[in-house]
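Thanks for coming. I have one structure to go through today, and I will start with a term before I get to the chain itself.

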Amino acid sequence: MTKVKIALLLGVLIAPMLSLAQFTIDLPINKSVFQRNSAGQATINIAGSYSTKVISSVQARLVTPGTSTPISGFNWTIIDDNPVKGNYYGQLTNVPQGWYTLEVRTVKSGTVISSSSISRVGVGDVFLIFGQSNAQGWEGISGLSVSSDRVITHNYIDPCSISFPSFQSFDKIAIAGNIGQHGITSWYWGNLGDKLVTNNNVPVAFFNGATSGSSTQNFIDSFNGGATTHPFTGSQFCNGVNPANTSGVGTPYTTFLKTMQYYNSMYGVRAVLWMQGESETFLGSGQASYQTRLNSVISRVRSDFGSTIPWVMARTSFYGTYGSSSNVINAQTNLLNTSNQIFQGPFTDNVNNNVTAGTRDTENVHLKGSGLSEIATRWNTSLTSNLYTGNTQNFFQVSNPISANSVPELGYTVSGSNVTVTAPSGYSSYRWVISDSYGSTSVSTSQSITSTGSNTYRCYMTKSNGNLVVSQKVDIAKILSQQSLASTCSGTTYLSNLAPYSLSNGLGPVEFDKSNGSSADGDGTVQSLNTTTYSKGIGVYGNSEVTYRIPSGLYTSFKASIGVDDDVLSGGSVIFKVYGDGNLLYTSPTMNALSSTIDINLALCSYTMLRLVTENAGDGSTNDMANWSNARFTCESTGAPTALSTYKIGSKCLGLNWSAPSSGTAVNYEVYIDGNVVDTVSSDTYTYLFGGLTSSTTYTLGVKSISCSGAKSATSSISAQTNGRLISYSPNFNFICIGDTVMPSVDNPGGTFAIQDGAGMVDYLNATTGAIKLNGTGPVILSYIIDNGTNCYDTSGVYVYAQIKPLPPSISADVDLLNTGDAITLTSNTDCGSYDLIWSNGNTAVSFSTSPADTTQFYAQCKNSFCYSNQSNTITAKVIPDCPDSFYLEKGGANLNYGSRSFDFFAEDQIEALNIINSPTGAIYKAGDNIQLKPGFEVKSGSVFSATIGGCP
């Protein structure tokens, strides 16, 4: 049977209602921007949770914001083809640069179950700001307005922090907001973002790790959490600023480091934007010493992040009344090296009140107003213009961006009401927190956490270089709800209605209530096995594994019809296996498109896990479209065994066959004979051989089903009789003739013959066939045994007797050629003595005459009871046919030499003669048409012969 597949042009069927509230997108965070790679692409990790019991896939797509138009190549794509336990995880890879709406939905075998979306997610550029106050921003000075909603940051600040930021939420940079985790106001960075969005048409994210007043020496001193002196206060840097770190020790570098290891680990980075130098002018730093320190800062940042982050360096030194420093500018310029990914940023010193009034504050230190606008313009020019005269490439074409670290997938196990969540290995540390932020109370630092409550958790995983990766949120209550187990059972529960514990499939999603077509969700059809269709079932492909948690003792059996779907016309090679708590309960033969459907019925007893496995039989997975049709749990009492029959009947044994009960599932069978239990066998045994019985005796054989609880069914029984005599040297009732080799008749072939007594009278015995030859009258006693060891068929004391076989007589006749009606006299020349003489025609006289109507052979035998001698010589009485159509009398064979007797040859048509008629024998030839006496015909002198034309008398 071939089924027609219907291509759903819109991808999937739409359910009447979408359960939006029960489906969440946890990652990516709305308005996230991921760093594009050199090809302008990025990977977006997607994770979240759902409450629906059964889904077959989670799918995602990117659309143009404000429309339902999908981005080319990113229409609905399966990101998780076998989600379980209420959590999903997947990726969209090679996403092109741009600003999108992300839509995600759950699907069950082609039908949308629930959906959700985040309004914006982007692939663009992520910048990390580093330096001092004119990079960080200054309180009391308003930042510039931001136009584009594609200029993004985390509006968060934690002054002088040595901790990771709080859990991020993203939005357009606001004038009075902050740039996480240390930037003050939008400053000029948001305006730079507007310009970059216009130039590059990609979203831009900024994160800020700069600290006001910092010198390169401050960064170096605090590399490893050490103390350092503020250039302008003479005190410990950040002393008393942050209540969480009142000493300030570890700042300012740790503040920058935490910013980088948090945001840029998760979203990647295009470059560090460095703007620092004012404090170096104030301190009177020399060119060489500053260049060395700045180079150390660049190297340490790259080492700590684990990548050669591109660096764009503003040439900045102007500080109020101190003016500019050529030492600082020259040091910065000397470090520019595109091959080392250090690029030239804007020159900022000539943007000051001395040149243009109102571009800095009253101290002529901090930028403001038009000064901020000018610096934003200069940054934009540095990043988008040719790197140098005669070069046609800009920073974006030459720099090597660093992609985000991938979000890892968590593992989940459920045992009773305990949920264990496990992060992947390979991280240097783990921090599980309730709620979201890294700074929330840590509940575990192990790789796994086990919970029975209703808390939600995230795991922050630290890479060996200190970079953070954050997991999706895990809702324990939702997992327990999604994996809740039934407490009652009434009749039948289909597995396709239950939440799987785990899923894996050889091709695409596991399908529920459909066959597994290919890699898409819902591309199968109604399940069909050998033309029988099934509305319920689980469709898989090739190597697969589907596992369910089950309440211990609730269900009595698992039942299914298994085979290769009718969509496969030829081929396929699938082996089905069923495991209960790791115990192999069933293995099918290799099944293909031509195999008959197999119905399985397995006892569940106290198992808590059922695992359905398919394997290919070693020839690959092509056409391995396997169905667990009508896969179901039942809770029914166990009926009695059915279809009893006997399969082996011997003189000492009886074999019993039966089939599984039609209701319920047996875990064992108890077998009986004449009402007495004799053995207990396993549930996959359907035969039993009763031995040690008496021949020619009737017995009642019975069997009972035993359920998981130990309850026994009624007895199913059948009567059968053992065999009596099993071998016979018939037809003489085990009497044979001495010297003859005789084969026995055997009721049950395949046994072994042996001599028990009288071996001296046996010339020959074939132990396999029973052929025997005796040299004496016997008796010889034989045994015949089959199934040696069980003696199931055993005939002992079989007596074989022998009679003397007489010698054959010799016979003669007075004539051997006769006219019709003439008599022949036959005589036995040898006396049979005490034995009887018997002729072939039954006559017993020594001599007798008979007139045969046609040519006849005669022989005689001597008979000793049933034992006949061999045949005597044979005499043929040849009778001349009466008026045939013609005679042909050849020379030699038809010569007549029979004394004075006369023979008549009358033919209807003709006679052709070449024979010789000897004297005194007579012959009369008479034919209706002609008589031809051919050369060689001769009549000897003294013979009587006539030839006449005429009809038959």
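When I say that two strands pair, I mean that DSSP finds at least two bridges between them. This is a predicted model, so please keep that in mind throughout.

With that term in hand, take strand β10, residues 151-154. β10 runs parallel to strand β14, residues 204-208, and 2 bridges join them. In that pairing, I152 of β10 stands opposite A205 in β14. β10 also pairs with strand β11, residues 170-172, this time in the antiparallel sense and over 3 bridges. There, H154 stands opposite F170 in β11.

Which way do the side chains of β10 point? V151 and T153 point one way, I152 and H154 point the other way, and all of them are buried. In a regular strand the side chains alternate between the two faces of the sheet.

Now the whole chain. The protein chain has 10 helices and 71 strands. Its radius of gyration is 54 Å, well over the 30 Å that the globule rule gives for 953 residues, so the chain is more spread out than a compact globule. Along the principal axes, the C-alpha atoms fill a box of roughly 175 × 80 × 55 Å. Of the 953 residues, 51% are buried.

Last, cavities. A search of the whole structure turns up 1 cavity of 30 Å³ or more. The largest cavity holds about 40 Å³ of space. Its lining has 3 nonpolar, 5 polar and 1 charged residues, and includes L529, N530, D566 and T597.

That is what I have.

Conventions:
Residues are numbered from 1 along each chain as its sequence is written. This is a predicted model: local features need pLDDT of at least 70, side-chain atom pairs count only at pLDDT 80 or more; totals for chains, interfaces and linings use all residues. Side-chain values use heavy atoms; hydrogens and water are left out. On a 1 Å grid over the protein atoms alone, a cavity is a set of points where a 1.4 Å probe fits but cannot get out, and a pocket is an open set with protein on both sides within 12 Å along at least five of seven lines; lining residues have an atom within 4 Å of a point. Grid points are joined across faces, edges and corners, and a volume is the space filled by probe spheres set on the points. Ala, Val, Leu, Ile, Met, Phe, Trp, Tyr, Cys and Pro count as nonpolar, Asp, Glu, Lys and Arg as charged, and the others, Gly among them, as polar. Buried means under 20% relative accessible area, exposed over 50%, partly exposed in between (1.4 Å probe, protein chains only). Helices (H or I, at least four residues) and strands (E, at least two) are DSSP runs, numbered from the N terminus. The radius of gyration is taken over C-alpha atoms; the globule rule is 2.2 Å times the number of residues to the power 0.38.
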